[in-house]
Structures are given as C-alpha cells and as structure tokens.
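Hi there,

Here is the model I promised to pass on to you. Please have a look at it first, and then read my notes underneath.

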Amino acid sequence: MSEGAMSTEKVAGVDSAAAPLGAPLVEMRNIRIAFGGVHAVEGVTVDLRAGEVVGLVGGNGAGKSTLMRALSGAHPPDGGEILIDGQVASITNPRDAKALGIETIYQTLALADNIDAAGNMFLGRELKTRTGSLDDDAMESATRKVIGRLNPRFKAFKRPVMSLSGGQRQSVAIARAVHFNARILIMDEPTAALGPAETAQVRTLVKQLKDDGIGIFLISHDIHDVFDLSDRISVMLHGKLVGTVRKADVTTDEVLAMIIMGKLPSEVSEKDLAELHR
Ligand SMILES: Nc1ncnc2c1ncn2[C@@H]1O[C@H](COP(=O)(O)OP(=O)(O)O)[C@@H](O)[C@H]1O
Ligand SMILES: [Mg+2]
C-alpha cells in the first residue's frame with residue numbers, strides 16, 4: 001500500500017464522518033496536447049475514483065483518445081499534470097503507466113492469435129517451475145481462476161484466441177490486466193466492433209471490474225453503453241472539456257446537447273433540445 005493511502009486511512013480513523021474523501025485514483029489537470037498546429041487537447045481536467053466508471057464522450061476528433069494516451073504513457077502531454085493517488089506522477093512511457101497499475105484495453109486487442117488464453121495471460125511474464133521449465137499447469141489454473149471470476153461463461157481455455165469471439169477476447173485481455181494488478185483501466189471503444197450479445201458480455205465485465213474497485217475511463221460513441229455503465233460523464237468538444245456531469249443528474253438529450261452544442265444542461269433551452277431531434 002502506498003504512503004498516501006496509509007495516511008488517508010489514519011485521517012479517516014480519527015473522525016471518519018468528517019474526514020475528506022480519499023484522493024482520487026486519477027486526476028488529470030489542465031492537460032494540453034498539440035500536434036503541430038492542431039490543439040488536440042486544450043486544458044482538460046478530469047478525475048476518476050476507485051470503483052467508478054467515468055464515461056468519456058464527444059464527437060470524432062474531440063480529443064478523447066489523445067487525452068487517454070497521455071494517461072497510458074503512449075503520448076506524454078505538452079502541459080498539465082497527472083496525479084495518481086494524490087501524488088504527481090511522471091508518466092513518460094507505457095512502462096511507467098503499467099507500473100502505476102494503468103492498463104489500456106483497445107478495440108483492436110493486442111493478443112497473440114495462435115496461442116490459448118493462458119498463453120496470452122502470461123505472454124512475456126511466463127510462470128516457471130523450480131527447474132526453470134514453463135509451468136503450464138500453474139498458468140492454466142491461474143487463468144481459469146481469473147477469467148472464471150470475470151466471465152463465468154467462458155469455457156474456451158484450450159483454444160487459440162484467434163477462434164474466440166470479440167467478447168471472449170476482451171475477457172482474456174481484461175483478465176491479463178487484472179491479474180497483473182491493474183487498478184485503472186482505460187477502455188477505448190470496447191464495444192465498437194461487437195454485436196449485441198457480445199456488447200452485453202462486455203457490459204457485465206465492466207460492472208464486475210467496478211465491483212472489484214477498479215476505476216475505469218470508458219470511451220464510447222454509444223450513448224447507451226455510457227448511460228448503462230458510467231457514474232459520471234465527461235464530455236469533450238474540439239479538444240476542450242465541455243463539462244463533467246453525474247449520470248443520475250442528466251438525461252441522454254442533455255448529454256447529446258453537451259456533445260453536439262457544447263452546452264451544459266443549465267445552458268440548454270427547450271428550443272435547443274427540439275433542435276437535437278430535427
Ligand atoms: N498522431 C497524431 N498526429 C496528428 N494529429 C493527431 C494525432 N492523433 C490525433 N490527432 C488529431 O487530434 C485530434 C483529436 O483526435 P483523437 O484524440 O483521436 O479524437 P477522438 O478520440 O475524440 O476521436 C484530431 O484532430 C486528430 O486528427
Ligand atoms: Mg478515439
């Protein structure tokens with residue numbers, strides 16, 4: 001456990017009713033990223049707590065993926081700061097991010113097609129026996145344990161992942177992240193390539209991860225995914241943050257108005273809402 005978490009617990013122990021909530025798992029403050037003259041992300045501030053799903057939405061090119069690439073270490077920001085557990089973190093490459101428990105699940109999953117679930121779970125981090133040979137039994141049993149908990153219907157342990165459905169492949173990728181102690185998951189359009197049954201499977205998986213206390217940034221163009229899964233929704237437009245709302249406080253139309261018009265629910269008129277449906 002980190003020092004930050006310990007001290008928060010001490011404070012909570014003194015007077016838990018009056019104690020401030022613990023520091024967010026992630027705070028991204030005033031993040032700026034430019035590509036030449038294109039301001040892909042312009043002073044965006046978002047945060048994420050343990051066991052929370054924050055939906056990140058906005059039209060094509062709004063800057064969602066670029067913002068998350070700053071968190072995953074794939075593209076360090078030009079400005080702003082990232083705090084993990086309340087501490088300023090230096091995330092300059094994907095390895096730094098992984099060391100902080102940050103994992104990304106991409107739409108096009110990086111799995112090795114011709115090997116099975118256990119092979120993928122432990123790819124590059126294989127378990128060995130005392131004599132130094134691969135411990136296939138240990139890897140398979142650990143894989144069955146993690147995937148079995150996340151997705152009890154998963155049975156295809158012995159098949160190359162190439163033959164698995166999109167939802168099953170996501171189960172393998174997420175199990176891999178969870179087994180190696182991910183606390184923060186970035187899911188960039190996880191259901192974009194999936195059919196309805198598969199989408200339902202991924203939604204169940206997200207709820208399970210949330211119950212496990214993992215914090216999730218969920219990028220999705222599917223407003224139904226976002227409404228089903230998110231606790232809060234952060235909306236981006238042209239590289240800027242329009243605002244962050246609690247799902248319980250808004251309607252889908254109000255979120256659509258944020259996405260399309262860049263207006264907060266308090267700024268939206270009846271006429272604006274009617275415009276959305278023309
Ligand atoms: N590697 C890159 N080089 C140049 N421009 C980029 C690059 N990645 C993203 N962009 C630009 O940054 C903006 C935001 O893109 P992106 O973050 O992919 O948006 P979103 O994920 O919301 O669709 C777009 O204008 C896009 O063209
Ligand atoms: Mg994107």
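Below is what I found in it, going from the ligand to the sheet and then to the core. Please keep in mind that this is a predicted model.

**Around the ligand**

Let's start with ligand 1. Its shell consists of Phe35, Val38, Ala40, Gly58, Asn60, Gly61, Ala62, Gly63, Lys64, Ser65 and Thr66. By character, these residues split into six polar, four nonpolar and one charged. Two elements, β2 (38–48) and α2 (64–71), each provide at least two of the shell residues. Of the elements, α2 gives the largest share, with three residues.

**The sheet**

The strand β2 turns up again in an open sheet of four strands, ordered β2-β1-β4-β5 and paired in the antiparallel sense. At its edges are β2 and β5 (87–89); each has a single partner strand, so one side of each has no neighbour in the sheet. From one strand to the next, the twist averages 30°.

If you zoom in on the β5 edge, you will see that β4 (residues 79–84) and β5 pair antiparallel over three bridges. Within that part of the sheet, Leu83 sits opposite Val88 of β5. The helix that contributes to the ligand shell also meets the sheet: α2 lies across β1 (26–35), β2 and β4, and runs at about 120° to β1.

**A closer look at Thr45**

On the other edge strand, β2, you will find Thr45. Is Thr45 buried, exposed or partly exposed? Thr45 has 13 other C-beta atoms within 10 Å, and because a residue counts as exposed at 12 or fewer and as buried at 20 or more, Thr45 is partly exposed. Apart from neighbours within four places in sequence, Thr45 contacts Met28, Arg29, Asn30 and Leu241. Thr45 and Ser234 are 189 residues apart along the chain, yet their C-alpha atoms are separated by 9.4 Å.

**The nonpolar core**

The largest nonpolar core holds 69 residues, and the ones with the most contacts inside it are Leu71, Ile174, Leu185, Ile216, Phe217, Leu218 and Val235. Helix α6 (residues 166–179) supplies the largest share of this core, six residues. Leu218 is a good one to click on: not counting residues up to four places away in sequence, Leu218 touches Val53, Gly55, Leu56, Met187, Val206, Val226, Leu229 and Ser230.

Happy browsing, and do write back with any questions!

Best wishes

Methods: Residues are numbered from 1 along each chain as its sequence is written. Chains are lettered from A and ligands numbered from 1 in the order in which they are written. This is a predicted model: local features need pLDDT of at least 70, side-chain atom pairs count only at pLDDT 80 or more; totals for chains, interfaces and linings use all residues. A residue is near a molecule or strand if its C-beta atom, placed from the backbone, lies within 6 Å of it. Ala, Val, Leu, Ile, Met, Phe, Trp, Tyr, Cys and Pro count as nonpolar, Asp, Glu, Lys and Arg as charged, and the others, Gly among them, as polar. A nonpolar core is a set of buried Ala, Val, Leu, Ile, Met, Phe, Trp, Tyr and Cys residues joined through C-beta atoms within 7 Å. Two residues are in contact if their C-beta atoms, placed from the backbone, lie within 7 Å. Two strands pair if DSSP finds at least two bridges between them. Axes are lines fitted to C-alpha atoms, for helices over the stretch in contact, and angles run from 0 to 180 degrees between N-to-C directions.
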